[in-house]
Amino acid sequence: MTITAPVTEVFTSVQGEGPYLGCRHMFVRFAGCNLQCAYCDTPAPAGRRCRVENTPGRRVFTWYPNPVTVQMLLDWTSRAVAPHFHALALTGGEPLLHADFLESFLVGFREYGGRCYLETNGTLPEAMKRLARLVDIVAMDVKLPSMTGFPFPEAEHRRFLEAIGPAHAFVKVVVGSETTDAELDAVCALLSAGAGRTMLVLQPVTPVSGVRPAPPERLLEMQERCLARLPDVRVIPQVHRTLGVL
Ligand SMILES: C[S@@+](CC[C@H](N)C(=O)[O-])C[C@H]1O[C@@H](n2cnc3c(N)ncnc32)[C@H](O)[C@@H]1O
Ligand SMILES: Nc1nc2[nH]cc(C(=O)O)c2c(=O)[nH]1
Ligand code: SF4
Ligand SMILES: [Mg+2]
């Protein structure tokens, strides 16, 4: 049986989020998500077609029908290796919804010698456990109710942190004007349980459909509060929009 997955786009850019900001990455965006965050800038519904960028930054694409096969994605990503690329970034939507496809794809991709960077909402621990040995860097979101509009998925996040295993990981949390101290304390408690060594990135929300960013003094206060509990807490905004890149 041919394994397939719905992919919305494949493009190269600079990593616009988190501690690897500025590194050259190739991005694969999978369609579909198990969550609906109120602030989401890329809901990535399953579309009929997948766009693959021809020249970096030009926004000229070749279009392919969905779903995509493992071999098609291997062909498109074969050059995403050192020295030109730091990593292949898998994002979405939620990439871990496609664990069967990813397992097969990543076995092939690793034969090229590439590094894999996974962007995930941190709520699918079983899929993470299956793929942990094939992923090099995990960018795990922790989802706060004030920002997402749904309850804190605490049990899923806790199990997810355990499932990551040997991969290098950091946690990203999108914060805004409604983020409370109690929520930040809950994030710190979650991370402290795992020896407290995971880096925490506070990612200021980029305003989307009425979601309000936190004022500057509040951002600094939030960082200070988390630094009292965790050793490495960074405030890093999204920069790809500012740069005008994908
Ligand atoms: C679109 S999501 C895809 C990966 C996965 N579903 C997740 O939520 O981590 C990629 C990253 O963008 C962040 N993000 C989405 N909308 C944002 C916004 N308006 N401002 C700041 N970060 C945002 C998410 O929190 C996540 O860290
Ligand atoms: N340049 C750039 N950096 C990113 N980092 C995470 C992204 C995402 O959508 O997951 C993203 C994206 O869409 N573009
Ligand atoms: S989990 Fe990620 S892709 Fe899904 S709605 Fe939230 S931010 Fe968007
Ligand atoms: Mg994005």
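User: Which residues come nearest to ligand 1?

Analyst: A residue counts as near a molecule if one of its heavy atoms lies within 4 Å of it. By that rule, 22 residues stand around ligand 1, and Y39, G93, D141, K143 and T206 come nearest. Please keep in mind that this is a predicted model, in which local features need pLDDT of at least 70, side-chain atom pairs count only at pLDDT 80 or more, and totals for chains, interfaces and linings use all residues. Residues are numbered from 1 along each chain as its sequence is written, chains are lettered from A and ligands numbered from 1 in the order in which they are written, and side-chain values use heavy atoms, with hydrogens and water left out.

User: How do I read the polar contacts, and which atoms lie 2.5 Å apart at D141?

Analyst: A polar contact is a pair of N or O atoms within 3.5 Å; within protein, one must be able to donate a hydrogen and the other to accept it, and residues adjacent in sequence count only if both atoms are side-chain atoms. Here, an N or O atom in the D141 side chain lies 2.5 Å from an oxygen atom of ligand 1. A polar backbone atom of T120 is 3.1 Å from an oxygen atom of ligand 1.

User: How much of ligand 1 does the protein bury?

Analyst: Accessible areas come from the Shrake-Rupley method with a 1.4 Å probe. Ligand 1 taken alone exposes 540 Å², and the protein buries 96% of that.

User: Which elements give two or more residues to its shell?

Analyst: Strands (E, at least two residues) are DSSP runs numbered from the N terminus. For ligand 1, these elements are β8 (116–120), β10 (168–175) and β11 (199–204).

User: What surrounds ligand 2?

Analyst: Its neighbours include S13, G16, F27, R29, T91 and H240. Both β2 (7–14) and β3 (24–30) supply at least two residues of this shell. An N or O atom in the T91 side chain is 2.5 Å from an oxygen atom of ligand 2, while a polar backbone atom of G16 lies 3.0 Å from a nitrogen atom of the ligand. Alone, ligand 2 exposes 320 Å², of which the protein buries 94%.

User: And which residues surround ligand 3?

Analyst: Around ligand 3 are C33, L35, Q36, C37, C40, G93, N121 and K143. To sort such a shell, count Ala, Val, Leu, Ile, Met, Phe, Trp, Tyr, Cys and Pro as nonpolar, Asp, Glu, Lys and Arg as charged, and the others, Gly among them, as polar. The shell of ligand 3 then divides into 4 nonpolar, 3 polar and 1 charged.

Conventions: Helices (H or I, at least four residues) and strands (E, at least two) are DSSP runs, numbered from the N terminus.
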